[in-house]
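User: I should like to learn how to read the features of a protein model. Please guide me step by step.

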Amino acid sequence: MQLFSHDSKADSLARTPLFGALSRAELVELAKRTEDMEVEEGKVLAREGAIGQEFFVIVDGEVSVSKDGRDLRTLGPGDFFGEIALIWDSPRRTATVTARSPLRFFVLTRQSFKSLIDHQPEIEKRVLEALEERVGSV
């Protein structure tokens, strides 16, 4: 079920630090590999300590991010989480993310991302460079 256009998803992906260096055509190709989803309030999207396999971009609604049972922050439309799961094998989620309201979002799985970069390795190079820059600035 497609809730969002590939163009709107490409725009959202372009605003993320991980994919900001990709061309418009590469962003659209990446957007085509995502899955649109809707969940109700209370749904846990990522559980602290669990193995992550997905990257999420919120379109409508809000999620709460908690660690060790303490609320850390709220994310809303345009925000994203789970990007490290696309790059590293078996990364553990560092926080629990729960829908605070009905939520509409799209997901890029690690498997879909790996399939894309197997065919377009230049994308992997730019994503890894962006990740290095992001980790280095923390």
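User: In which sense do strand β3 and β6 pair, and over how many bridges?

Analyst: Strands are DSSP runs of E with at least two residues, numbered from the N terminus, and two strands pair if DSSP finds at least two bridges between them. Here, β3 (residues 54-60) and β6 pair in the antiparallel sense over 2 bridges. Phe56 has Phe81 in β6 as its bridge partner. This is a predicted model, in which local features need pLDDT of at least 70 and side-chain atom pairs count only at pLDDT 80 or more, while totals for chains, interfaces and linings use all residues. Residues are numbered from 1 along each chain as its sequence is written, and side-chain values use heavy atoms, with hydrogens and water left out.

User: Which strands stand at the edges of the open sheet with the order β1-β8-β3-β6?

Analyst: The pairing in this sheet of 4 strands is antiparallel. β1 (35-39) and β6 (80-81) are at its edges; each has a single partner strand, so one side of each lacks a neighbour in the sheet.

User: How many aromatic pairs are there?

Analyst: Rings of Phe, Tyr and Trp (its six-membered ring) pair if their centres lie within 6.5 Å; planes under 30 degrees apart are stacked, over 60 edge-to-face, and the rest tilted. The count comes to 6 aromatic pairs. One of them, Phe4 with Phe106, is tilted, at 6.5 Å centre to centre and 55° between the planes. Phe4 lies in the segment before α1 (6-14) and Phe106 in strand β8 (residues 103-109), so the pair ties together parts 102 residues apart in sequence.
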